[in-house]
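I open this notebook to record what I looked up in the structure below. My entries begin with the chain as a whole and then turn to the metal site.

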Amino acid sequence: MEMGCDGGTIPRRDELVRVKKKPEAKDKDAELAFKWRCCTITQEILQEPIVVCHLGKLYSKMALIEALLDRSTLPEGCKHIKSLKDVKDLKLTVNPEFKKDEDKREGSLDNRAVPYICPVLGLEMNGKFRFVAVWSCGCVFSERALKEIGTNTCHKCTKPFENDDIVIINGIDEDLEIMKQRMEIRQQKK
Ligand SMILES: [Zn+2]
């Protein structure tokens, strides 16, 4: 008997891939791009120095400092930040393809080159790939690099780190639960 005889009704993978993106999917891309390119507080393009909080949200440090001076301006989702000790300065890897005036160009954010990449695999930090930051050293790389290399030594600066040091940047709800636990672990250590 012939195996997998299904009459050929199941589309091949390459046919599936060619299907055009639905408008909703495009909106989702734009939303993602925005999250990865803009400060959580100002909603404007991230300005260096860029920091991450325990929960993996990105901020322009200067904007965060201003918001901390007048906590009433701090958005509800950022109240877990009590001081600059609750954020980490990020060591990002510049994308050689990115030009500085890119941000002034017309068009939606998700169609442009992005300023940062994974130093190990070269993946763009555009919201399509998962990225992590190491709390102890501040380095940022893709989650794929973290998993593939599988050592507990930072891929960018070679400092050792623990699992609890990993912050998933802009993670999904399940990630957020883990990030909250790790935040508590860090705060207890202090
Ligand atoms: Zn590092």
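**Entry 1: The chain**

I counted the secondary structure first: the chain has 5 helices and 8 strands. I note that the model is a predicted one. Reading from the N terminus, I recorded the order of the elements as α-α-β-β-α-β-β-β-β-β-α-β-α.

I then looked up burial and found that 40% of the 190 residues in the chain are buried. For the surface, I noted an exposed area of about 12,100 Å², of which carbon and sulfur atoms supply 53%. I also looked at contacts between residues at least 6 apart in sequence; 48% of these join residues at least 24 apart.

**Entry 2: The zinc site**

Which residues coordinate the zinc ion? I found Cys 137, Cys 139, Cys 154 and Cys 157, each through its SG atom, at 2.2 to 2.4 Å. I looked up the geometry next: the angles among the 4 donor atoms are 104 to 112 degrees, and the site is tetrahedral. Along the chain, the donors follow the spacing C-x1-C-x14-C-x2-C.

I traced one pair of donors further, as it links distant parts of the chain, 20 residues apart. Cys 137 lies in the loop between β6 (131–134) and β7 (140–142), and Cys 157 lies in the loop between α4 (143–149) and β8 (166–168).

**Entry 3: Burial of the pair**

Is Cys 137 buried or exposed? I entered Cys 137 as buried, because its relative accessibility is 3% and the cut-off for buried is under 20%. Cys 157, with a relative accessible area of 25%, I entered as partly exposed.

Definitions and conventions
Residues are numbered from 1 along each chain as its sequence is written. This is a predicted model: local features need pLDDT of at least 70, side-chain atom pairs count only at pLDDT 80 or more; totals for chains, interfaces and linings use all residues. Side-chain values use heavy atoms; hydrogens and water are left out. Donors are N, O and S atoms within 2.8 Å of the metal (3.2 Å for Na, K and Ca); water is not among the atoms, so sites may look incomplete. Four donors count as tetrahedral if all angles lie between 85 and 135 degrees; four count as square planar and six as octahedral if opposite donors are over 155 degrees apart and all others between 65 and 115; anything else is irregular. Helices (H or I, at least four residues) and strands (E, at least two) are DSSP runs, numbered from the N terminus. Buried means under 20% relative accessible area, exposed over 50%, partly exposed in between (1.4 Å probe, protein chains only). Contact means heavy atoms within 4.5 Å. Accessible areas come from the Shrake-Rupley method with a 1.4 Å probe; for residues, only the protein chains shown count as cover.
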